[in-house]
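Work through these exercises with the structure open beside you. Try each task before reading its solution.

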Amino acid sequence: MYPLYQIDPMTAAYAESICRWQYPGEYAVYSFEKNQETLSELMNGEYFSCVNAAGDLIGYFCFGGSAQIPTETSYTADEDKIDIGLGLSPALCGHGYGREFLKSGLRCAEQRFCAKGFRLVVAAFNKRAIALYHRCGFQEIGRIRHKKSNTLFVVMSRSV
């Protein structure tokens with residue numbers, strides 16, 4: 001029964017909304033700053049909005065270079081896998097929406113980019129997300145540190 005969520009190229013209005021999302025506590029590392037640089041990134045063609053059946057913005061996905069974090073040492077490109085980044089609205093986190101949200105993004109990547117596999121990075125402290133990714137078939141393949149914040153991230157991948 002697809003799509004539970006509609007995924008389309010990012011619009012300026014949705015980018016503005018996402019810039020206002022603030023995640024609490026240690027999850028603040030996922031918050032955006034509302035400035036022209038952030039808006040330009042969200043509108044670079046690699047970001048997609050995700051809305052529910054009522055048309056409410058619930059999250060976003062990004063694919064390719066925008067899904068990679070800046071690191072001192074680059075993680076090796078894998079031509080068989082597409083990098084995926086995602087963000088669920090802070091109001092919806094922890095309420096059981098993650099699995100279907102993630103599945104929608106993976107289906108989108110398969111259809112739009114003919115992805116054969118996926119790679120993502122997640123903050124190592126984010127046990128909730130890591131557990132979800134494991135349940136959806138992702139395996140840890142390494143760890144890296146964010147260049148600016150020095151936050152430890154887990155690199156995970158899975159095949160289609």
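**Exercise 1. Find the aromatic cluster and examine ring pairs.**

Solution. Start with the cluster: ring pairs link Phe-48, Phe-61, Phe-63, Phe-101 and Phe-113. Rings of Phe, Tyr and Trp (its six-membered ring) pair if their centres lie within 6.5 Å; planes under 30 degrees apart are stacked, over 60 edge-to-face, and the rest tilted.

Before going on, note the ground rules. This is a predicted model, where local features need pLDDT of at least 70 and side-chain atom pairs count only at pLDDT 80 or more, while totals for chains, interfaces and linings use all residues. Residues are numbered from 1 along each chain as its sequence is written, and side-chain values use heavy atoms, leaving out hydrogens and water.

Next, count the pairs: the structure holds 11 aromatic pairs. Take Phe-32 and Tyr-60. Their ring centres are 5.6 Å apart and their planes stand at 55°, so this pair is tilted. Phe-32 sits in the loop between α1 (12–19) and α2 (36–42), and Tyr-60 in strand β3 (residues 57–63). The two are 28 residues apart, so the pair links distant parts of the chain. Helices (H or I, at least four residues) and strands (E, at least two) are DSSP runs, numbered from the N terminus. Both Phe-32 and Tyr-60 are buried. Buried means under 20% relative accessible area, exposed over 50%, and partly exposed in between (1.4 Å probe, protein chains only).

Now return to the cluster. The rings of Phe-63 and Phe-113 have centres 5.2 Å apart and planes at 50°, so they too are tilted. Phe-63 belongs to strand β3 and Phe-113 to helix α3, so the pair ties together parts 50 residues apart in sequence. Phe-63 counts as buried, at 3% relative accessibility. Phe-113 is partly exposed, at 37%.

**Exercise 2. Trace the sheet from edge to edge.**

Solution. Write down the strand order: β1-β2-β3-β4-β5-β7-β6. These 7 strands form an open sheet with mixed pairing. Two strands pair if DSSP finds at least two bridges between them. Then look at the edges. β1 (6–9) and β6 each have a single partner strand, so one side of each lacks a neighbour in the sheet. The twist averages 30° from one strand to the next.

Now follow β7. With β6 (residues 139–145), β7 pairs in the antiparallel sense over 6 bridges. Ile-144 has Phe-153 as its bridge partner in β7. The hairpin of β6 and β7 has 6 residues between the strands, and there Asn-150 takes a positive phi near 65°. β5 and β7 also run antiparallel, joined by 7 bridges. Here Val-122 is partnered by Val-154 in β7.

Finish with one residue of β7, Ser-157. Ser-157 is buried, with a relative accessible area of 12%. Leaving aside neighbours within four places in sequence, its contacts include Lys-81, Phe-118 and Gly-137. Contact means heavy atoms within 4.5 Å.

**Exercise 3. Which residues of helix α4 are buried, and what covers them?**

Solution. List the buried residues of α4 (residues 127–135): Ala-129, Ile-130, Leu-132 and Tyr-133. Seen down the helix axis, they fall within an arc of 160°, so they line one face of α4. The arc is that of the directions from the helix axis to the C-beta atoms. Check the other side: Lys-127 and Arg-135 are exposed there.

Then find the cover. It includes β4 (82–88), α3 (98–113), β5 (117–123) and β7 (152–159). α4 lies across β4, β5, β6 and β7, running at about 165° to β5. Axes are lines fitted to C-alpha atoms, for helices over the stretch in contact, and angles run from 0 to 180 degrees between N-to-C directions. Just after α4, Gly-137 has a positive phi of about 95°.

**Exercise 4. Where is Met-43, and what does Met-43 touch?**

Solution. Locate Met-43 in the loop between α2 and β2. Met-43 is partly exposed, at 39% relative accessibility. Now list what Met-43 touches, not counting residues up to four places away in sequence: Met-10, Thr-11, Ala-12 and Ala-15.

Last, turn to α1. Ala-15 is buried, as are Ile-18 and Cys-19. These three cover an arc of only 100° around the axis, which puts them on the same side of α1. The buried residues of α1 pack against α2 and β3.
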